[in-house]
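Here is a short note for a colleague who is new to this entry. Please read the points with the structure open.

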Amino acid sequence: MYPDPYGHDSECHFEPSEYPGASCYDAGESRRARRHGCRHGGWWVFAALLLLVGGSVWLFSRYSFELRHTDNGMTLVVRDPDSAMTDAPPVVETEQPQPLQPKAAGAGPRLTVDDAPGPPLPTGLSGTGLSLQEIYRKVLASVVSITSTLRSGSSTGTGIIMSADGYIITNAHLVDGAVGIEILTWDDQSYAAGLVGSDSTSDLAVLKVESDSLTAADFGSSEQLMVGDAVVAIGDPLGQKLRGTMTDGIISAINRDLIVNGRALTLIQTNAALNNGNSGGPLINAYGQVIGINTMKLSSYYTSASVEGLGFAIPISVAKPVIDELIEHGYVSGRPALGITGKSLPDVYRAYYHLPDGVYVESVDTASDAYAKGLREGDTITAVQGFSVRTIDELNIIKNQYQAGDELELTVFRGGECFTLNVILGEAAG
């Protein structure tokens with residue numbers, strides 16, 4: 001039964017049969033019980049709060065607290081003023097890792113390319129060529145696994161030992177932005193690699209490790225290739241778990257012109273199976289000579305669909321002058337640079353802002369001649385040397401036909417008017 005709401009009894013009680021498990025604050029409670037609580041039911045709460053507040057005040061007045069960054073994350077440091085300062089753990093400050101800078105270029109080996117010791121061989125590796133097993137045994141020791149540590153994650157690929165003293169060839173896109181590069185040889189020897197030079201236009205890079213006992217590959221002339229020649233590829237498809245995988249096929253085409261970063265490259269096409277991880281590895285002829293550098297990056301230029309039997313490699317005849325320049329200078333000298341970044345605008349955007357077809361200028365290097373002649377961010381380049389351009393690739397194809405120091409005529413749209421600028425090309429630094 002309910003207590004008398006106007007009585008002086010402070011006991012809270014309910015009829016057990018009617019309100020099983022009921023408490024002092026269940027429905028039907030009197031206003032007096034809400035205001036004053038049950039008999040002997042509130043003093044201990046006040047006492048506990050008093051102890052908690054008092055203890056906290058004493059604790060914070062007696063000790064000092066500090067949150068610090070350590071290698072293991074955030075650490076709470078509690079310091080007793082009576083103890084020595086050396087009891088506190090040292091603060092470890094770490095810098096954001098930076099991409100590897102090219103090593104000092106200069107005197108170094110040149111890539112040696114030899115003619116094949118016999119005629120091109122058809123499928124089947126017959127005649128004077130090596131068997132598949134012999135090719136594998138000959139070349140495997142010259143193929144390395146590459147792991148590039150990036151600011152976020154890592155990438156893996158393949159490389160080719162160029163010289164016994166540690167020069168290694170691979171793809172530029174494997175090491176772009178890397179803060180660390182590790183090389184793993186066929187016999188499980190691990191080396192930290194430095195970046196000698198990288199060229200994104202040709203997708204080639206040269207690395208260097210400290211060793212004088214590596215097994216260099218033999219390089220053969222790619223100018224002797226014919227469609228139908230037998231070839232094999234060795235690399236790490238899908239990563240190091242499958243490293244040292246060899247696949248075979250033929251030369252499918254020798255004059256595939258693809259646009260890579262605005263430059264037309266003539267590439268080798270092969271049906272030898274290439275997958276992510278084969279990038280930077282060797283394409284090998286029937287005599288065990290490296291005649292191409294595989295680059296899976298190019299297989300997706302025409303379509304994003306999954307394809308089979310379609311791989312590309314950079315011919316050694318194309319790679320040799322680039323590799324020699326990277327070793328000597330750290331970059332490819334004489335390569336022209338306009339000094340701008342630009343992009344192609346969607347048709348809807350151009351229509352809305354009344355802009356013509358062309359390359360929208362996103363930025364201009366203030367040290368370039370283009371800036372000195374008046375080219376600015378927001379301009380639209382509609383033609384180069386009198387040829388209309390719609391995309392940055394089209395602009396670069398025309399530009400790359402010239403050398404640093406040459407002059408280009410740009411047709412520029414700004415504020416509803418067109419005008420021309422004669423701009424001297426600079427030299428790309430890498």
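1. Start at D406. The model is predicted. A polar atom of the D406 side chain lies 2.8 Å from the backbone nitrogen of Q403. D406 itself sits in the loop between α8 and β21.

2. Is D406 buried, partly exposed or exposed? D406 has a relative accessible area of 31%, so it counts as partly exposed. Leaving out residues up to four places away in sequence, D406 touches V423, I424 and L425. G426 is 20 residues from D406 along the chain, yet their C-alpha atoms are separated by 8.3 Å.

3. Now look at helix α8, residues 392–399. Its buried residues are L395, N396, I398 and K399. These residues span an arc of only 160° around the axis, so they are on the same side of α8. The cover over them includes β16 (336–337), β18, β19, β20 (387–388) and β21 (407–414).

4. Two of those covering strands, β18 and β19, also pair with each other. β18 and β19 (residues 380–384) are antiparallel, with 2 bridges. Y360 has T380 in β19 as its bridge partner. On β17 (residues 340–344), 5 bridges lead to β18 (residues 359–364), again antiparallel. There, S344 stands opposite V359.

5. Turn to the open sheet. It has 7 strands, in the order β7-β6-β3-β4-β5-β9-β8, with antiparallel pairing. Which strands form the edges? They are β7 (190–192) and β8 (194–199), each of which pairs on one side only. From one strand to the next, the twist averages 30°. As a general point, strands of a sheet pair through backbone hydrogen bonds.

6. One pair within that sheet deserves a look. Strand β4 (residues 154–161) and strand β5 (residues 167–170) run antiparallel and are joined by 2 bridges. I160 faces I169 of β5 across the pair.

7. A helix packs here too. Helix α5 (residues 316–329) lies across β5, β8 and β9. It runs at about 45° to β9.

8. Next, the largest nonpolar core. It has 24 residues, and those touching the most other members are L111, M162, I169, V206, F219, I293 and I323. Two or more residues come from each of β5, β9, β12 (263–270), β14 (290–294), β15 (311–315) and α5. Which element gives the largest share? Helix α5 does, with 6 residues. In soluble globular proteins, nonpolar side chains tend to be buried together.

9. I293 shows how this core is knitted. Setting aside neighbours within four places in sequence, I293 is in contact with I160, I169, N171, L204, G280, G281, A313, I314, I316, A319 and I323. Another core, of 18 residues, lies apart from the largest one. Its members include I340, L375, L421 and V423. V423 is also one of the residues that D406 touches.

10. Finish at S211. It is placed in the loop between β9 (204–208) and β10 (230–235). Despite the loop setting, S211 counts as buried, because its relative accessibility is 14% and the cut-off for buried is under 20%. Its side chain reaches the backbone nitrogen of S213 at 3.3 Å. Beyond four places in sequence, S211 touches A164, D165, G166 and Y191. Compare the two loop residues: S211 is buried, whereas D406 is partly exposed.

Methods. Residues are numbered from 1 along each chain as its sequence is written. This is a predicted model: local features need pLDDT of at least 70, side-chain atom pairs count only at pLDDT 80 or more; totals for chains, interfaces and linings use all residues. Side-chain values use heavy atoms; hydrogens and water are left out. Helices (H or I, at least four residues) and strands (E, at least two) are DSSP runs, numbered from the N terminus. Buried means under 20% relative accessible area, exposed over 50%, partly exposed in between (1.4 Å probe, protein chains only). A polar contact is a pair of N or O atoms within 3.5 Å; within protein, one must be able to donate a hydrogen and the other to accept it, and residues adjacent in sequence count only if both atoms are side-chain atoms. Contact means heavy atoms within 4.5 Å. Two strands pair if DSSP finds at least two bridges between them. Axes are lines fitted to C-alpha atoms, for helices over the stretch in contact, and angles run from 0 to 180 degrees between N-to-C directions. A nonpolar core is a set of buried Ala, Val, Leu, Ile, Met, Phe, Trp, Tyr and Cys residues joined through side-chain atoms within 4.5 Å. The arc is that of the directions from the helix axis to the C-beta atoms.
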